[in-house]
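Work through the exercises below with the sequence and the model side by side. Try each task before reading its solution.

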Amino acid sequence: MSALLRTAFVRSAPVCQAAVLRGVSSSLVSRAGARITPGRSLIHTGGIQNNSLTGKRAHEESVSGTEGLHRKDLAASKQGLTTGDAVSTIPATVHGDWVLFHPVYSQEEIKAVEVLHRDAKTISDKFASSLVKLARWGFDFVSGYKHKSIPPNSNMSLEELKKGGYVLTEKAWLSRILFLETVAGVPGMVAAVLRHLGSLRLMRRDSGWIHTLLEEAENERMHLMTFMTLRQPSLFFRGLVLGAQGVFYNLFFLSYLISPRICHRFVGYLEEEAVLTYTRCIQEIEAGRLPEWTDMPAPEIAKDYWRLEPDAKLLDVMYAVRSDETTHRFVNHSLANLNPKTDVNPFAFREPDMHVKGKKIGFERDEAEKYVQESHRLLQQGRSESK
Ligand SMILES: [Fe+2]
Ligand SMILES: [Fe+2]
């Protein structure tokens, strides 16, 4: 293993990735892909087309959050700093992203995703894979979900398919998705916190992992905010989420202290399930078995976040979310192949696009090293071009 993967990239790279990438030639700016093509939105440019809080007149509603105000925010909105008569330090015009880096996908990319499974090779892989299977079985059991294939040549009506348990209703799909997204946002944040604390405690650099982990956590939270626009969960549902979060956060926290690699492998397998779930959901919409969603417009918050067209549909959102889950699958399986104490995060500066992430389960360690070397070369080239 060359020393490059461990040290050179971090040593040579300035702290702020956005600044570095902005300074590099336009042929390699995005972490979402090696090249930026005209017409595709860049991340972190601060341009008005990129999530400007005031420039999005077409999607203005999304600025205030179409998922609706939380009941605590309702009270705060009457006395908060943003009311007209309050003393506010919020500038009248704000340009730039309001979220962390996240990929924006082309139409080809979102169709390039494949349902993949990584064979469990070691005992720890098998342990992580079994845990995910157990979690999936437990969740299916509690929520009464059985994936029953529709019998071939069936002429059952949609109602009969629903009654027979072959097809989930829109409401049932949303319950599953909302619950899973409340859980999915936990691992990235826990891992980022622990690496952040480790960096402070040991007074050493993090090797670029924290940002990617935070980005994953926020990305999952944005999935939740998006689907919250379609349904307001009941008090019972919120109670379930509260309990699940309390248990899962603490378990994952302790587990990450013991073995970050097994935790990333666990998340990799979990994300395989997420890709499968959204793939099935997309198939159901396209087959017309979720009629309420067939022509449903995309929520405004989703159009803003994934830079979708103004007439985008919920189906486009499902494709974008599935692509995100594919990114998580790829990133976590790749991180699980690295040494978390010594190796740099190969995705700290750029990520492969969906043509790679959608068809490959993750980078092995030697592939990660080559990717870091390539990033290093691109950075050097960008620097010399900008002089
Ligand atoms: Fe998600
Ligand atoms: Fe995910």
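**Exercise 1.** Find which residues Val317 is in contact with, leaving aside its neighbours within four places in sequence.

Solution. Apply the contact rule: C-beta atoms, placed from the backbone, within 7 Å. Leave out neighbours within four places in sequence; Val317 then touches Thr226, Ala298, Pro299 and Ala302.

Before going on, note the ground rules. This is a predicted model, in which local features need pLDDT of at least 70 and side-chain atom pairs count only at pLDDT 80 or more, while totals for chains, interfaces and linings use all residues. Residues are numbered from 1 along each chain as its sequence is written, and chains are lettered from A and ligands numbered from 1 in the order in which they are written.

**Exercise 2.** Describe the largest nonpolar core and say which helix gives the most to it.

Solution. Start with the terms.
- A residue is buried if 20 or more other C-beta atoms lie within 10 Å of its own, exposed if 12 or fewer, and partly exposed in between; C-beta atoms are placed from the backbone.
- A nonpolar core joins buried Ala, Val, Leu, Ile, Met, Phe, Trp, Tyr and Cys residues through C-beta atoms within 7 Å.
- Helices are DSSP runs of H or I with at least four residues, strands are runs of E with at least two, and both are numbered from the N terminus.

Now the core. It holds 48 residues, and Ala302, Val317, Met318 and Ala320 have the most contacts inside it. Helices that supply at least two residues each include α8 (170-184), α11 (235-258) and α14 (300-306). α12 gives the most, with ten residues. Another core, of 13 residues, lies apart from it; Phe330, Leu335, Val344 and Phe347 are among its members.

**Exercise 3.** Characterise the packing of α12 and α15.

Solution. Fit the axes to C-alpha atoms over the stretch in contact, and take angles from 0 to 180 degrees between N-to-C directions. The angle is about 160 degrees and the axes are 8 Å apart. α12 is therefore roughly antiparallel to α15. The classes are under 35 degrees for roughly parallel, over 145 for roughly antiparallel, 65 to 115 for roughly perpendicular, and oblique for the rest. Residues making the contact include Glu271, Glu272 and Val275 of α12, and Arg322, Glu325 and Arg329 of α15.

**Exercise 4.** Is Glu272 buried or exposed? Place it in its surroundings.

Solution. Glu272 sits in helix α12 (residues 260-286). Count neighbours: Glu272 is buried because 23 C-beta atoms lie inside 10 Å. Beyond four places in sequence, Glu272 contacts Leu116, His117 and Arg329. His117 is 155 residues away along the chain, yet the two C-alpha atoms are separated by 6.6 Å.

**Exercise 5.** Check the length of α10, then its packing against α9.

Solution. The expected span is 1.5 Å times one less than the number of residues. For the 20 residues of α10 (residues 209-228) that gives 28 Å, and the end C-alpha atoms are 29 Å apart, so the two agree. Of those 20 residues, 14 are buried. α9 and α10 pack at about 155 degrees, with axes 7 Å apart. α9 is thus roughly antiparallel to α10. Among the residues that meet are Ala191 and Arg195 in α9, and Leu213 and Ala217 in α10.

**Exercise 6.** How many helices and strands does the protein have?

Solution. It has 17 helices and zero strands. Of its 387 residues, 34% count as buried.

Technical notes:
Two residues are in contact if their C-beta atoms, placed from the backbone, lie within 7 Å.
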